[in-house]
Amino acid sequence: MVTDTRSRPLRDLRISVTDRCSFRCGYCMPREIYDGHTYLERAEILSYGEIRRITRLATDLGVRKVRLTGGEPLLRSKAYRLVRMLSSLTELEDLAMTTNGLLLAREAERLKEAGLDRVTVSLDALDDSVFREMIDTDVPVATVLEAIDVASDVGLDPVKINTVVRRNRNEDQVLPLLEHFRGTGHTVRFIEFMDVGTTNSWNLDEVVPSVELLKIISERWKLEPIDPTYRGEVAQRYRFSDGGGEVGFISSVSEPFCGDCTRLRLSAEGKLYTCLFASKGTDLKVMLRSDASDDEIRDAIYRTWSDRTDRYSELRGGTPLGFPKVEMSYIGG
Ligand code: SAM
Ligand code: SF4
Ligand code: SF4
């Protein structure tokens, strides 16, 4: 077990397996920047064996939950092989993936068989034209809905649906999304638009605070708050009083939760970051590729966490802080 300078234990590891993506969501990888972007070369990104080794050493220090993300994790070839390698780590209690859903229907069964416990699927709208505008890519909503059904059928459930809300773009999709998913057992979580990185033209005016959404939703359905089930749970949860299931809110701009942040992040090229808004990481790849021992690598992870002071969202207020920050698609959402 290791705790940081604010007594926060290390519990979760988010692993970005690629910095590439099939979508161009404006809040994450705006097309005008990312179509011409220089992505990491194959030799620069960690192999599955290297990822497993780091994960195994992180479990020695308290990590119990792992989430595979990116970029789009299913763009990485045979991602189920990585899942199989990680699911054999007996200390891990939860192995999940966040995906845009494009390749999920094809991969769901293999992922489940390999030991994946759950998936979170991103979906910002139920209306095709709003969805296409949000992801700036020609993919119909039906593809993602089908992927959610297949994932659920093979047992990767309950599925969480992540919806980033931007003012005047997809706010009107909040009620239709809930109408669709209420009663299915899947939970929609509305995420405030965050100032991750420096390329997504973030602006406080486009953030729809969760209290505002809560009010709109409560006018339609009666909601009751649910207590968090564990320290570090990022979503504030509510249940529909009529038994229709749950809805979550991730309010990192209006109600920061840094005090309970137990997440460490590993970039596709093997750098460890202790905050989504970090500018510098600890390079583990150089250690992995220079024959460092398990003890040396575990010690580097230990020191990275024990030195941690981060609380960006608490300090931000309404203005992004000035230092250069890594991009969401690189560090992993
Ligand atoms: N490509 C996968 C996907 O979209 O599910 C995984 C990676 S994506 C970076 C992970 C999550 O971060 C997604 O649910 C996405 O909506 C969210 N996200 C990306 N940029 C964001 C931003 N600026 N503010 C809030 N959430 C964001
Ligand atoms: Fe791709 Fe996910 Fe970012 Fe959208 S949010 S651009 S799907 S990495
Ligand atoms: Fe954790 Fe950084 Fe987000 Fe705060 S701003 S909750 S420290 S990732």
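This briefing walks through the ligand surroundings, the nonpolar core and a few individual residues of this structure. The model is a predicted one. Three ligands come up below, and a good place to start is ligand 1, which has 19 residues around it. Another landmark is the largest nonpolar core, with 108 residues.

**Around ligand 1**

- Tyr-27, Gly-71, Ser-122, Asn-162 and Met-194 come nearest among the 19 residues around ligand 1.
- Met-194 also makes a polar contact here: one of its backbone N or O atoms lies 2.9 Å from a nitrogen atom of ligand 1.
- Asn-200 takes part through its side chain, where an N or O atom is 3.3 Å from a nitrogen atom of the ligand.
- On the oxygen side, an oxygen atom of ligand 1 is 3.1 Å from a polar backbone atom of Thr-99.

**A closer look at Asn-200**

- You can find Asn-200 in the loop between strand E6 (187-192) and helix H8 (210-220).
- Asn-200 counts as buried because its relative accessible area is 4%, and the limit for buried is under 20%.
- The Asn-200 side chain reaches the backbone oxygen of Met-194 at 3.2 Å, and Met-194 is itself one of the residues that come nearest to ligand 1.
- Leaving aside residues up to four places away in sequence, Asn-200 touches Gly-26, Tyr-27, Cys-28, Pro-30, Arg-166, Phe-193 and Met-194.

**Around ligand 2**

- The residues around ligand 2 are Cys-21, Phe-23, Cys-25, Tyr-27, Cys-28, Met-29, Gly-71 and Asn-100.
- Sorted by class, this shell holds six nonpolar and two polar residues, with no charged ones.
- Tyr-27 and Gly-71 appear in this list, and they are also among the residues that come nearest to ligand 1.
- Cys-28 is buried, as its relative accessible area is 17%; Cys-28 is also one of the residues touched by Asn-200.

**Around ligand 3**

- Ligand 3 is surrounded by Phe-257, Cys-258, Cys-261, Cys-275, Leu-276, Phe-277, Arg-308, Asp-310, Tyr-312 and Ser-313.
- Its shell divides into seven nonpolar, one polar and two charged residues.
- Cys-275, a member of this shell, is buried with a relative accessible area of 12%.
- Cysteines appear around ligand 2 and around ligand 3, yet the count of disulfides in the model is zero.

**The nonpolar core**

- Within the largest nonpolar core, the residues with the most contacts are Leu-123, Phe-190 and Ile-217.
- Helix H6 (residues 141-153) gives the most to this core, contributing six residues.
- Leu-123 touches Phe-131, Val-141, Val-144, Leu-145, Ile-148, Ile-161, Asn-162, Thr-163, Leu-177 and Phe-181, not counting residues up to four places away in sequence.
- One of those partners, Asn-162, is also among the residues that come nearest to ligand 1.

**Lys-65 and Met-287**

- Lys-65 sits in strand E2 (residues 65-69) and is partly exposed, at a relative accessible area of 23%.
- Its contacts, not counting residues up to four places away in sequence, are Arg-11, Asp-12, Leu-13, Leu-92, Asp-94 and Tyr-230.
- Lys-65 and Phe-249 are 184 residues apart along the chain, and their C-alpha atoms are separated by 20 Å.
- Met-287 belongs to helix H9 (residues 285-288) and is buried, with a relative accessible area of 18%.
- Beyond residues up to four places away in sequence, Met-287 touches Ala-292, Glu-296, Ile-297 and Ala-300.
- From Met-287 to Glu-327 the separation is 40 residues in sequence and 23 Å in space, C-alpha to C-alpha.

**Backbone details to look for**

- Asp-157 and Pro-158 are joined by a cis peptide bond, with omega about 0 degrees.
- Pro-158 is placed in the loop between H6 and strand E5 (160-165).
- Ser-7, although not a glycine, has a positive phi of about 65 degrees; Ser-7 lies in the segment before strand E1 (12-16).
- Asp-136 likewise has a positive phi, near 50 degrees, and its place is the loop between helix H5 (128-135) and H6.
- Asp-136 counts as partly exposed, with a relative accessibility of 35%.

Technical notes:
Residues are numbered from 1 along each chain as its sequence is written. Chains are lettered from A and ligands numbered from 1 in the order in which they are written. This is a predicted model: local features need pLDDT of at least 70, side-chain atom pairs count only at pLDDT 80 or more; totals for chains, interfaces and linings use all residues. Side-chain values use heavy atoms; hydrogens and water are left out. Helices (H or I, at least four residues) and strands (E, at least two) are DSSP runs, numbered from the N terminus. Buried means under 20% relative accessible area, exposed over 50%, partly exposed in between (1.4 Å probe, protein chains only). A polar contact is a pair of N or O atoms within 3.5 Å; within protein, one must be able to donate a hydrogen and the other to accept it, and residues adjacent in sequence count only if both atoms are side-chain atoms. Contact means heavy atoms within 4.5 Å. A residue is near a molecule or strand if one of its heavy atoms lies within 4 Å of it. Ala, Val, Leu, Ile, Met, Phe, Trp, Tyr, Cys and Pro count as nonpolar, Asp, Glu, Lys and Arg as charged, and the others, Gly among them, as polar. A nonpolar core is a set of buried Ala, Val, Leu, Ile, Met, Phe, Trp, Tyr and Cys residues joined through side-chain atoms within 4.5 Å. A disulfide is a pair of cysteine sulfur atoms within 2.5 Å.
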